[in-house]
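Open the model in your viewer and keep the selection tool at hand. The stops below say what to select next and what is there.

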Amino acid sequence: MTVLTDAQFDALCTNNPDIKFERTPNGELVIMAPTGGETGKDNAKLTARFVIWNENTDLGVVFDSSTCFRLPGGGDRSPDVAWVEKVRWEALSADLRR
């Protein structure tokens, strides 16, 4: 088992932009397979619903499945869709937003 540091994981992602990587809380690398047609269709619908809801409420920021989040408990994950409350997003530094 190879464990990657934050810097190693960031460099791997930067150097391989066409591959979707995640990392477990223990630092283990996970390579994500592309979705199939049914899943892709469902994910697009889910993202669209979040975007429309958020545009109507203006409560936060919506992210697609290509966004990787470094989680407080460890690991880096890319959920199908994500939403962050506007106050929490605005409190982040530019580095943390990247």
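Start by selecting aspartate 10, which is partly exposed at a relative accessible area of 35%. Keep in mind throughout that this is a predicted model.

**Stop 1: the salt-bridge network**

With aspartate 10 still selected, add arginine 70. The two form a salt bridge, and their closest N and O atoms are 2.7 Å apart. Arginine 70 sits in strand β4 and aspartate 10 in helix α1, so the bridge links parts of the chain 60 residues apart. Which residues are joined into one network by salt bridges that share partners? They are Asp6, Asp10, Arg23, Arg70 and Asp76.

Next, select aspartate 6. Here arginine 70 has another salt bridge, with closest N and O atoms 3.7 Å apart. Aspartate 6 lies in helix α1 and arginine 70 in strand β4 (residues 69-70), so this pair ties together parts that are 64 residues apart in sequence. Arginine 70 counts as partly exposed, at 39% relative accessibility. Aspartate 6 is also partly exposed, with a value of 39%.

Now add arginine 23. Its side chain meets that of aspartate 6 in a salt bridge, 2.5 Å from N to O. This pair again links distant parts of the chain: aspartate 6 is in helix α1 (residues 6-15) and arginine 23 in strand β1, 17 residues apart. Is arginine 23 buried or exposed? Arginine 23 is buried, with a relative accessible area of 5%.

As background, side chains of opposite charge can pair when their charged atoms come close. A search of the whole structure finds 10 salt bridges.

**Stop 2: glutamate 22**

Move to glutamate 22 in strand β1 (residues 21-23). At 5% relative accessibility, glutamate 22 counts as buried. What does its side chain meet? Select arginine 77: a polar contact of 2.9 Å joins the side chains of glutamate 22 and arginine 77. Then select serine 78, whose backbone nitrogen lies 2.9 Å from a polar atom of the glutamate 22 side chain. To show the wider surroundings, leave out residues up to four places away in sequence; glutamate 22 then touches Phe9, Glu28, Leu29, Val30, Met32, Asp76, Arg77 and Ser78. Asp76, in this list, is also a member of the salt-bridge network from the previous stop.

**Stop 3: strands β3 and β6**

Select residues 60-63, which make up strand β3, and add β6; the two pair in the antiparallel sense over four bridges. Within this pairing, phenylalanine 63 stands opposite alanine 82 in β6.

Then show the side chains of β6 (residues 82-85), which alternate along the strand. Which of them point to the buried face? Ala82 and Val84 point to one face and are buried, while Trp83 and Glu85 point to the other and are not.

**Stop 4: the cysteines**

Finish with cysteine 13 and cysteine 68. How many disulfides does the model have? The count comes to zero. For cysteine 13, the nearest cysteine sulfur is that of cysteine 68, 5.8 Å away. Because a disulfide requires two cysteine sulfur atoms within 2.5 Å, the pair does not qualify, and cysteine 68 is likewise in no disulfide. Cysteine 13 is partly exposed, with a relative accessible area of 24%. Cysteine 68 also counts as partly exposed, at 31% relative accessibility.

Terms used. Residues are numbered from 1 along each chain as its sequence is written. This is a predicted model: local features need pLDDT of at least 70, side-chain atom pairs count only at pLDDT 80 or more; totals for chains, interfaces and linings use all residues. Side-chain values use heavy atoms; hydrogens and water are left out. Buried means under 20% relative accessible area, exposed over 50%, partly exposed in between (1.4 Å probe, protein chains only). Two strands pair if DSSP finds at least two bridges between them. A polar contact is a pair of N or O atoms within 3.5 Å; within protein, one must be able to donate a hydrogen and the other to accept it, and residues adjacent in sequence count only if both atoms are side-chain atoms. Contact means heavy atoms within 4.5 Å. A salt bridge is a side-chain nitrogen of Lys or Arg within 4 Å of a carboxyl oxygen of Asp or Glu.
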